[in-house]
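Welcome, and please load the model in your viewer. Below is a short tour, one selection at a time.

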Amino acid sequence: MTSIGLQHYLILAAILFSIGFYGSVAKKNGVAVLMGIELMLNAVNINLIAFNRFLNPDVSVGMIFAIFVIVVAAAEVAVGLAIIIKIYRERLTTSVNDIDWLKW
Amino acid sequence: MIKIAWLLPLLPLLGFVVISFVTKRLKLLSALVAIGTMAASLIISLGIAYEVLRDGVTMESPVEYAVNWLSVPGLTIEAGILIDPLAAVMLIVVCTVALLVDIYSLGYMEGDPGYSRYFSYLSLFGASMLGLVVANNYFQMFFFWELVGLSSYLLIGYYFGRHSAVQANKKAFIANRVADFGFLLGFFYLFLMFGTFNFGELAQAMPAHANSAMLTIAAILVFIGPVGKSAQFPLHVWLPDAMEGPTPVSALIHAATMVAAGVYLVSRQFVLFANAEIALLVVAYVGGFTALFAATIAIVNSDIKRILAFSTLSQLGYMMMALGVGSVTAGMFHLTTHAFFKALLFLGAGSAIHAVHSNSIWKMGGLYKKMPITTWTFVIGTLALAGIFPFAGFWSKDEILLVTRDAGFTGLYILATFVAFLTAFYMFRLIFIAFFGESRSEHEPHESPLSMTVPLLILAVFSIGAGFIGAPFLEKAFWALVYYGKPHHPVPDLLVMAVSTGIALSGILLAWLIYHKKYISAEKIKERFLVVYTILENKYYIDEIYQWFFDKVVLVISSAFNWSDRNLVDGAAHGISDSIRAGGAKLRYIQTGSMQNYALVIFAATILLVIWMAIPVLGGI
């Protein structure tokens with residue numbers, strides 16, 4: 001029986017990141033876009049923990065970094081959801097296709 | 001008085017300011033301000049002349065003082081006063097004529113709506129002319145040179161409601177601009193060579209470069225200024241048209257003083273020309289040619305002021321010729337006497353015009369019965385101009401003829417003698433037609449008021465007497481004061497005197513025969529020489545040639561420049577901005593505003609960056 005090694009974690013993280021990226025650029029719903037971003041951040045967290053565990057198990061810098069990412073992600077979600085709610089109240093839509101006011 | 005010479009230009013300038021801003025509504029007061037300031041200037045000039053004689057100020061040891069007007073590294077411009085006998089003579093001429101013209105204008109301009117404006121301009125002219133005379137450097141001189149041009153422009157266009165006056169003042173201004181540009185280039189060139197504008201310093205530096213090409217070019221460029229201001233051929237065209245201004249203005253500016261500024265400029269820095277022989281020859285021949293050229297036109301003209309204008313051209317030509325043959329004395333002497341008798345003639349003409357309301361000599365006739373003072377003072381002025389003994393013109397004209405002959409210019413001497421004949425002829429033609437014979441006027445002429453006749457009488461006295469200041473039998477006279485190099489006592493030459501008097505008398509006789517006794521029919525002569533007559537009548541078609549030149553040559557060239565400016569220069573500038581704008585219009589579509597789009601681009605770019613950074617790690621391509 002083969003044990004689970006570093007590359008399994010990295011493949012998982014890559015799959016998760018790709019799903020998250022797809023969600024964030026392809027989904028119409030703003031909330032789904034935020035969820036995609038969350039997935040990408042968590043894929044990064046998996047990477048950080050995995051590298052910490054397999055390459056340098058004596059220090060815990062990777063875990064600390066992951067915790068920071070989680071904190072930042074929480075803040076980002078709070079702000080992102082607040083923006084989407086605000087836009088919904090203004091325009092009665094959460095579709096990112098309609099949110100294109102940044103152009104010329 | 002020399003110490004307060006700086007007041008000379010300031011007093012009339014003050015008059016100009018006061019009239020323009022304070023007394024504009026009070027007409028008589030305006031006139032009195034102008035007369036008062038000019039009278040004060042005359043007193044100062046007389047004081048200066050007295051001190052020049054008393055203290056023995058000579059051409060070599062002038063009184064000069066100056067302040068720095070502008071001082072930056074490499075360039076110092078002074079504002080200063082330079083008094084020598086030359087300036088003193090010129091100051092008296094300018095102040096006397098200006099004061100008499102001011103007084104004359106009291107009566108002449110009576111009832112004119114622009115009375116105050118007229119006197120303010122006259123004061124401005126006085127200020128600029130006096131500033132020009134006392135200038136001690138080229139820059140200051142140029143400054144006032146332009147100001148006299150400006151006041152001349154304003155006064156020619158004084159009747160600005162009249163189209164011809166507006167045309168005339170534009171013509172005068174443009175012709176003078178052309179000339180002033182030459183002058184400007186000339187003294188800038190001198191500044192480049194010697195690093196100073198000051199007359200005295202330049203005079204010291206010049207002899208070392210005698211007859212060099214640089215000095216010759218500079219002298220000819222400087223001479224272009226006087227060609228315009230003193231109306232020498234080929235820039236003479238503005239002066240006859242300048243007669244559109246009020247007649248006293250013609251007397252003051254366009255006969256006696258401003259047009260003499262060119263002669264004065266050449267005399268002021270004569271060392272420049274004396275050290276450039278070719279330039280001196282140019283001066284002599286331009287002067288001689290102008291003298292003949294203008295005199296021939298005057299023969300057929302019928303406008304009293306224009307005849308006098310062409311006569312002025314001719315006499316200025318004489319002065320230039322005298323300078324050109326190397327005699328500042330003769331040129332300035334003729335300038336002095338000419339200022340008096342030509343002012344007299346113009347003021348007399350003004351008086352006649354005032355009476356008959358026409359400029360044409362054919363509309364006058366028989367004025368001597370109704371206007372004795374005007375007629376007889378006019379005759380005195382004419383005799384002086386024709387050079388009849390003992391009137392002023394006799395002495396100065398003879399001196400010019402004498403120096404021309406003595407300098408070895410036999411051709412110019414014969415030409416000048418012939419011009420003396422023409423002068424006598426056309427002036428007496430004018431006299432016989434306008435003042436004698438039958439009256440042809442539609443108005444009943446009457447003698448002018450005292451304010452007009454008194455200046456005439458004073459000028460008549462000068463026209464008789466002014467010649468004696470330079471009469472050759474005096475021991476110490478004009479030549480001992482105003483000269484270049486060393487004073488030259490002219491030896492009276494009876495032959496020259498006899499020839500010039502004889503030829504002038506024959507001119508008068510011919511005019512008398514043709515226009516008074518009518519023994520010779522003017523009509524027949526005209527028909528016989530119709531071609532010549534037509535050419536003269538049209539002033540050698542110079543105006544037409546210039547018109548053609550501007551229409552066909554200058555306009556074509558400038559329209560080519562116009563085209564290239566609009567299409568090539570503007571085209572390039574517009575092309576650059578248009579292409580940038582068009583490019584921007586296309587490129588803006590990549591800004592979709594959709595966040596997902598941007599995220600995709602950022603991600604793709606990150607991938608590419610990572611690949612690019614990974615290439616060396618992976619061992620190159």
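Start with chain B and its contact map: counting contacts between residues at least 6 apart in sequence, 80% join residues at least 24 apart. Keep in mind throughout that this is a predicted model.

**Chain B as a whole.** Select chain B and color it by secondary structure, and you should find 26 helices and two strands. Along the principal axes, its C-alpha atoms fill a box of roughly 120 × 55 × 55 Å. Chain B has 621 residues, and 51% of them count as buried.

**Helix H3 of chain B.** Next, select residues 85–108 of chain B, which form H3(B). From first C-alpha to last, the 24 residues of H3(B) reach 34 Å, close to the 34 Å expected at 1.5 Å a residue. How many of the residues of H3(B) are buried? The count is 22 of the 24, so H3(B) is largely enclosed by the rest of the structure.

**Add helix H10.** Now bring in residues 247–256 of chain B, helix H10(B). H3(B) and H10(B) pack at an angle of about 165°, and their axes are 8 Å apart. That angle makes H3(B) roughly antiparallel to H10(B). The crossing of these two helices, H3(B) and H10(B), is right-handed. To see the contact itself, show side chains for Val97(B), Ala98(B), Val101(B), Tyr104(B), Ser105(B) and Tyr108(B) on H3(B), which meet Thr247(B), Pro248(B), Ala251(B), Leu252(B) and Ala256(B) on H10(B). The residues in this contact of H3(B) with H10(B) divide into nine nonpolar, two polar and no charged.

**Then helix H14.** Leave H10(B) on display and add H14(B), residues 304–324 of chain B. Here the packing angle between H10(B) and H14(B) is about 10°, with the axes 11 Å apart. H10(B) is therefore roughly parallel to H14(B). From H10(B), the contact uses Thr247(B), Ser250(B), His254(B) and Ala255(B); from H14(B), it uses Lys305(B), Leu308(B), Ala309(B) and Thr312(B). Sorted by class, the contact of H10(B) with H14(B) has three nonpolar, four polar and one charged residues.

**The loop between H8 and H9.** Move to the loop of chain B that runs between helix H8 (213–229) and helix H9 (238–241), where Pro234(B) is found. Zoom in on the peptide bond from Phe233(B) to Pro234(B), which is cis, with omega near 5°. Ala231(B) sits in this loop between H8 and H9 of chain B as well. Check its backbone torsions: phi of Ala231(B) is near 50°, a positive value in a residue other than glycine. Is Ala231(B) buried or exposed? With 30 C-beta neighbours inside 10 Å, Ala231(B) counts as buried.

**Another cis bond.** For your next selection, take the loop between helix H17 (372–386) and helix H18 (392–406) of chain B, the place of Pro390(B). The peptide bond from Phe389(B) to Pro390(B) is cis, with omega near 0°.

**Over to chain A.** Select Leu92(A), in the segment after helix H3 (61–91) of chain A. Leu92(A) is not a glycine, yet it has a positive phi of about 55°. Leu92(A) has 8 other C-beta atoms within 10 Å, so it is exposed.

**Last stop, the interface.** Show both chains together: 11 residues of chain A are in contact with 10 residues of chain B. The side of chain A that touches chain B has seven nonpolar, two polar and two charged residues.

Note on methods
Residues numbered from 1 in each chain as written. Chains lettered and ligands numbered in written order. Predicted model: local features only at pLDDT ≥ 70, side-chain atom pairs only at ≥ 80, totals over all residues. Contact = placed C-beta atoms within 7 Å. Nonpolar A, V, L, I, M, F, W, Y, C, P; charged D, E, K, R; others polar. Axes fitted to C-alpha atoms, helices over the stretch in contact; angles between N-to-C directions. Helix = DSSP H or I, 4+ residues; strand = E, 2+ residues; numbered from the N terminus. Parallel < 35°, antiparallel > 145°, perpendicular 65-115°, else oblique. Left-handed = near helix turned anticlockwise from the far one by under 90°. Expected span 1.5 Å × (residues − 1). Buried ≥ 20, exposed ≤ 12 C-beta atoms within 10 Å, placed from the backbone.
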